[in-house]
Every structure is written in C-alpha cells, then in structure tokens.
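Me: Hi! Could you walk me through this protein, starting with the overall picture and then a few details?

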Amino acid sequence: MILCHSLTTFPAHYQVNRTEINLTAPPFFLKLRWPLGRGLSIVDTVANNGDPHGRNFIGRKQAAQRRGGPVMDRPWLKHYDKHVPPSIDYPHIPLDRFLADSAARYPETTATVFGARVGSRVMDAGMSYRQLDAQVNRFAAGLQKLGIKKGDRVGIMLPNCPQFVIAAYAIWRIGAVVVCCNPLYVPREIEHLLNDSGAETFVVMSSLYPNVKQVRANSPLKRVIVTNIKEYFPGLLRFLFTLTKEKKEGHRVDISGEIDTYWFQDVLSGSSDLPEPVEVSHEEVSTLIYTGGTTGRPKGAQLTHYS
C-alpha cells in the first residue's frame with residue numbers, strides 16, 4: 001500500500017515496516033507496502049516462500065556463506081529483527097511488472113491513500129491496485145500519443161502524491177526513463193537538470209510550473225504536463241482546498257495558450273485504455289537520480305530496473 005498525505009501541520013515521514021526516516025520537505029509522507037504471495041507480507045514470506053516472482057529469502061548464515069565470510073563482515077545485520085532477511089534474490093523483471101502482477105493478484109486491495117489534515121481530522125481517499133494499474137495504462141497510452149517513445153527521458157517534479165506513482169509507472173511501462181527532479185529546485189537547478197538529462201517532457205505540480213516556464217526556452221523541453229495537488233483528494237477536501245488554499249498557495253495556474261502544455265487529467269481522459277506494448281528488459285535504465293551537488297554541479301546517477 002502507498003500512503004500519500006499532503007499534511008501541512010506536521011513533518012513528512014517515509015515509513016517502511018518499522019523503518020522511519022524524516023524528510024526535510026515538502027510536508028508529505030509516503031508509506032509503501034507491496035503484497036506478496038498468498039496475501040502475505042514480506043515478513044511472512046520469510047517463513048513461507050509464496051512469492052509470485054519466485055524470490056528466495058535467505059537467512060544470515062546463508063548470506064554469510066554466499067559472501068564467503070562471517071556475519072560480522074556486515075555488523076549492522078546484528079541489529080536486524082530476527083524475521084528480517086539480510087538479502088533476497090531479486091526477480092529479473094522491469095519495475096512496472098510489480099504493479100501489473102499485484103493488480104492481477106490483488107485487484108481490490110488498497111494501493112494508495114491520499115489526503116490532508118483539516119484541523120484534527122484527516123480526510124483521505126484510497127485507490128485499489130486495479131484502479132491504479134488502469135490509471136498507469138491510460139497515462140502510458142497518453143504519453144505515447146504525445147510522441148514519447150522507449151528510451152526518452154521524462155522529468156517528474158512532484159511531491160509524494162498519486163500523480164508521481166502514476167507517472168513513474170507509466171513512463172517505465174513504455175520503456176522511457178524517469179528523471180527525478182527535486183521539488184525544491186530553483187529555476188537555475190531545473191535548467192541544469194533538463195539540459196544534462198536531455199529530458200524533453202516534464203510532469204510538474206501546478207504550484208511549481210512557473211519555475212519550469214521560466215527556463216523552458218533554454219532547455220530541450222518539447223512538452224510539459226501540469227497537475228494540481230487536489231486532483232486525487234476526496235470530494236469534500238477538494239472543495240475546501242479550492243475555496244481556501246488553491247489560489248492563495250499558488251496552485252491555481254492558467255496554461256491556456258501555452259504551446260505543448262497539457263493538464264494531467266486531459267492526458268488521461270484523451271488516451272486509450274492500454275498503451276502499445278513495449279519490450280523492456282530488467283537491465284535497461286529506468287531512472288536518473290541527481291546527486292545533491294555539494295562538491296559541484298548535480299550529476300545524474302543511472303539506475304536499471306534491476307538495481
């Protein structure tokens with residue numbers, strides 16, 4: 001399950017099982033939990049190897065034997081809970097297959113929950129794996145309709161929200177490459193990332209669009225897709241956000257008249273249900289993640305689907 005909250009009253013957290021890491025900004029948190037074989041969690045699968053991808057969970061002694069050394073070669077392992085394996089054998093499949101397989105096996109299981117805190121109440125809405133996979137297919141088809149093909153770089157400048165999940169998996173599904181852009185980047189940093197990566201398409205939050213518009217002429221960008229944070233809010237929250245925060249916090253933008261600039265929901269609604277199939281290997285590049293640039297200009301690190 002992916003839990004995305006746009007919380008403006010307390011810090012964001014990235015949480016997987018018992019591991020919790022504070023994020024600096026923006027104030028969102030994302031919680032991940034992928035279902036494994038027979039409805040089991042990753043912890044359960046250690047005892048009962050029912051993973052649909054055939055992953056083999058191994059113990060500390062087995063891991064040490066594979067490395068040819070004692071467990072203490074990796075001293076952090078002694079701090080793991082007993083049920084947490086130090087390593088697994090990862091399947092040789094592209095990333096979008098994990099979502100497709102989960103949608104086939106657990107179609108009505110909740111995949112994402114997104115919302116915000118209003119006073120002391122949290123308002124959120126869920127999306128099942130079936131619904132998420134359908135959105136990914138439609139957005140992937142929409143990207144192909146716009147001319148995006150295998151190997152193209154597509155930038156994403158979004159906080160933790162369903163649109164990020166949909167865009168990333170859609171990009172992977174058509175064999176393109178996700179270029180992650182920090183939402184805190186200023187125009188100068190966005191311009192460098194675009195020119196260095198060669199990204200010709202950019203998916204951006206509406207409140208951040210002015211920064212992209214400012215550097216567009218000095219970049220290889222051919223098309224921009226804009227999304228509003230409220231698009232996957234539940235109805236009442238969307239209404240309250242529209243009345244009280246959308247204009248005040250810069251989320252309401254006018255892209256009419258902007259050449260090759262599209263709304264996220266228009267890309268979805270104007271496409272077919274399924275993209276044209278693309279053969280993607282687990283060894284191909286899936287993502288470019290840029291370094292912090294503390295010792296120079298940020299540099300893009302290439303990650304394959306397998307890595």
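Reply: Happy to; we can go from the whole chain to a pair of helices and then to one residue. Keep in mind that this is a predicted model.

Me: Cool. How many helices and strands are there in the protein?

Reply: The secondary structure comes to nine helices and 15 strands.

Me: And what share of the 307 residues is buried?

Reply: Buried residues make up 46% of them. As for the surface, the protein exposes about 15700 Å², and carbon and sulfur atoms supply 53% of that area.

Me: New topic: at what angle do α3 and α5 pack?

Reply: Helix α3 (residues 95-105) and helix α5 (residues 162-173) pack at about 110 degrees, and their axes are 8 Å apart. Angles of 65 to 115 degrees count as roughly perpendicular, so α3 is roughly perpendicular to α5. The crossing is left-handed.

Me: Which residues meet there?

Reply: From α3 you have Leu95, Asp96, Leu99 and Ala100, and they meet Tyr169, Trp172 and Arg173 of α5. By class, that contact has five nonpolar residues, two charged ones and no polar ones.

Me: Now Val212. Is that residue buried or exposed?

Reply: Val212 counts as buried because its relative accessibility is 0%. Val212 lies in helix α7 (residues 209-215).

Me: What does Val212 touch, leaving aside neighbours within four places in sequence?

Reply: Val212 is in contact with Met157, Phe202, Val204, Leu221 and Val224. Also, Val212 and Pro187 are 25 residues apart in sequence, with their C-alpha atoms 6.7 Å apart in space.

How values were computed
Residues numbered from 1 in each chain as written. Predicted model: local features only at pLDDT ≥ 70, side-chain atom pairs only at ≥ 80, totals over all residues. Heavy atoms only, no water. Axes fitted to C-alpha atoms, helices over the stretch in contact; angles between N-to-C directions. Helix = DSSP H or I, 4+ residues; strand = E, 2+ residues; numbered from the N terminus. Parallel < 35°, antiparallel > 145°, perpendicular 65-115°, else oblique. Left-handed = near helix turned anticlockwise from the far one by under 90°. Contact = heavy atoms within 4.5 Å. Nonpolar A, V, L, I, M, F, W, Y, C, P; charged D, E, K, R; others polar. Buried < 20%, exposed > 50% of the residue type's maximum accessible area, 1.4 Å probe, protein only. Areas by Shrake-Rupley, 256 points an atom, 1.4 Å probe, with all protein chains shown as cover.
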